[in-house]
2 protein chains.
Amino acid sequence: MTDGSPANTSAFPAGIDLRLPIGVFDSGVGGLTVLRALRERLPDERFLYLGDTARLPYGTKSGDSVLRYSIQAAQFLVQRGIKYLVIACNTASSVAVEALRQRFAPIPVIGVIEPGAVAGCASSRSGQIGVIATEGTVQGGAYQQAIGRIRPEFAVVAEPCSLFVSLAEEGWTDGPIVEAIVHRYLDPMFAAHPQLDTLLLGCTHFPLLLEALRAAVDPRVAIVDSAATTAEALAADLARRKLGAPGKFEPAISLMATDGPQRFARVGSRFLGRPVDARQVELVDLVR
Amino acid sequence: MTDGSPANTSAFPAGIDLRLPIGVFDSGVGGLTVLRALRERLPDERFLYLGDTARLPYGTKSGDSVLRYSIQAAQFLVQRGIKYLVIACNTASSVAVEALRQRFAPIPVIGVIEPGAVAGCASSRSGQIGVIATEGTVQGGAYQQAIGRIRPEFAVVAEPCSLFVSLAEEGWTDGPIVEAIVHRYLDPMFAAHPQLDTLLLGCTHFPLLLEALRAAVDPRVAIVDSAATTAEALAADLARRKLGAPGKFEPAISLMATDGPQRFARVGSRFLGRPVDARQVELVDLVR
C-alpha cells in the first residue's frame, strides 16, 4: 500500500475497469424488482441482467439443478464482463452464493437472502419474524437459517404464499381478490403468532404486492423487502471494495433472457417499473 | 390379410406385445388429470407417466425448446417400452404431435388438443366456442386452429386464465376466492360473447376447478374437458388399431418425474385423484 489507504478489500488485479457492469441474474422476471432497487440506489452503475426464463421456475427444482443453472448463468455473465455478481433469486441465493464466490473469485458475489435476514433481524423488537416466500424457499429453510445465524434466539415463522407469484405476474396487485388472498395467507399466520413484528418478503415477486400487504397487516408490523435491502448491502460493499463506477454510461441496463423475450418484456415492465421493449431483450442460450 | 379382416391400421410389426404400457408425458403434474381420465376409461391398461418437472412449465418456453423437450420425453418412454404415446400437455401437443408421430412411428401418438377441439365442435349449437387455457396455449392459437380446421365457420374466443393453474396446484378449488377469480376471468368473456354455448378447458389443470366453473356459467353452457375427451379418443383408436390390452397387469400406473418427487407426489395426488407416495415416483434424467 504505497498511498497509505487501508488494505484493498478487492482481490481484483490492479486496474479493474470500474466501468464494467454489475451482473444480475434470476430465473425470470422476479429479479427485475431487485434490479429496480439496485438502479434506484446506484444510478451511476451499469447493469447486465440475465433472466433464465427457459428454465424457470428454480423454486421447484432440486438444489443440484439450481446450482448447475446458477453456475451457467454466472459463467455467462462473467464472460460478458462484470465487476460484481448479484444473485437476484431466492432459490439460487440459498444454494449457490458460496459456490459462485469460490468459482468466480475475485468477482464478489451477493445474494438476496443474507441482506434480507440482516435487515429483518435489525427491524424486529419482539424477536419474532415472519417470512413469506414461495414453497421452495420456505421448505429450503434458507431464511430461517440465515436469521438463526445472526440471532439464534429469534423465532421465525415461514409461510409459503404461492398465489402471490401469479398475482404479481398477472398484474393483479390491488382490489378485493388480492385483499382476500392476502388475508387468507397472512391472517392465520398473525393470529397464531401475535408477537410477529417484522414481515420479510422472501420472494422477488412480492414487492409488487407491497401496498396490499401493508394494508392487510397491523401498521406496527415492519415489512422488509429483500430487494431494497440487497441494494443497500451492494452499495455498502461497492464502496468498501472501491468498486463504484467513476461515472454514468449508457445504456445503463442490458437485459437478456434465455427464452420468450416478448413475455419477459411485457411482464417484466411491471417488475422493473418502466416499459421494456421486447426488441431490447437479447435472447441468449446458456446450454448449447 | 389371410384372415379376411379389414386392413390392419397398426403399422406395428406382427407380435407387438399388447401388454406394453401406454406412455403419457406432461411438463409436470397437470397431465395427471389426463392420466386419471385414461385410467377410468381404460381400466385394463398399464400406464407409464413422465412429468418433466425439471423443466416445467412448458407454456412459457419457445416452440423450439418445447419440441426438443418433447422429443426427449418421448424417446425416454419409447426406450422403456410403450405401445402408444399420449401427450398430456397442451403446449407440447400444440407443437409436437406430428414430429413425434414421424419420429417414433409405428408407435401412435395422440395429443390433447385435437380431441378437445372435436368434442367442442360437436357440442356447440351456436357456433361460438370459448377456450380457457394458459397464456402460452392461448397465444399459440392451437385450439383456435384445430377448431378452425374442423368447423371453419365457428367463432372461437380464447381467454388466458393464468391464476387457475396456481389455484389448482395450491388445492384451492372452491370457496369465495375461487368463485371471485372464476367470475373475474369468465364474466367479461360471456358478457362480450353471449352466444358462447361451449367452454373448452384447454389446460390440464382446469378439471380441478370444474365445479367452480360449472357454478359460474349459465347451465346451458357445455363444459368440455379435454382430459375426458382425450380418453375417449384414445379408447376408440386403441380399439381401431387392435392395440387394447388382453388383460390387467400390476402395477397399473408407474410414475416418473425429472425433479422433486416429493412435490410431484403431494400436488399430484390431487390431480390424479388418489394418494401418491413420493417413494413410488421414480426420479429420472432426460438430459445427461
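**Cores and a parallel sheet in a predicted model**

In this predicted model, the largest nonpolar core has 94 residues, and those touching the most other members are A:V24, A:L85, A:V86, A:I87, A:Y143 and A:L209. Two domains of chain A contribute to this core, each with at least three residues: domain 1 (22-111 + 229-283) and domain 2 (114-226). For one of these residues, A:L85, the contacts beyond four places in sequence are A:G23, A:A74, A:L77, A:L100, A:F104, A:I107 and A:V109. Another core, of 93 residues, lies apart from the largest one and includes B:L50, B:L56, B:L234 and B:V276. In soluble globular proteins, nonpolar side chains tend to be buried together.

Chain B can be followed through its sheet. Six strands form an open sheet with parallel pairing, in the order β4-β3-β1-β2-β9-β10 (chain B). At the edges are β4 (109-111) and β10 (281-283) of chain B, each of which pairs on one side only. On average, and ignoring direction, neighbouring strands of this sheet are turned by 20° against each other. Helix α2 (residues 63-80) of chain B packs on the sheet, where it touches β1 (22-26), β2 (47-51) and β3 (84-87) of chain B. The direction of helix α2 of chain B makes about 150° with that of β2(B).

How is β1(B) placed with respect to the rest of the structure? Of its 5 residues, 5 are buried, so β1(B) is largely enclosed by the rest of the structure. The covering applies to both faces of β1(B): B:I22, B:V24 and B:D26 are buried on one side, and B:G23 and B:F25 on the other.

The pairing of β1(B) can be taken one partner at a time. With β2(B), β1(B) runs parallel and is joined by 5 bridges; here B:G23 stands opposite B:L48. Between these two strands the chain passes through helix α1 (residues 32-41) of chain B, making a β-α-β crossover that is right-handed. With β3(B), β1(B) also runs parallel, joined by 4 bridges, and B:V24 stands opposite B:V86.

Towards the β10(B) edge, strand β9 (residues 253-257) of chain B pairs with β10(B) in the parallel sense over 3 bridges. In this pair, B:M256 stands opposite B:E282 of β10(B).

Conventions:
Residues numbered from 1 in each chain as written. Chains lettered and ligands numbered in written order. Predicted model: local features only at pLDDT ≥ 70, side-chain atom pairs only at ≥ 80, totals over all residues. Pairing = 2+ DSSP bridges. Axes fitted to C-alpha atoms, helices over the stretch in contact; angles between N-to-C directions. Contact = placed C-beta atoms within 7 Å. Buried ≥ 20, exposed ≤ 12 C-beta atoms within 10 Å, placed from the backbone. Right-handed = clockwise from strand over helix to strand, strands pointing away. Core = buried A, V, L, I, M, F, W, Y, C linked by C-beta atoms within 7 Å. Domains from an automatic or database assignment.
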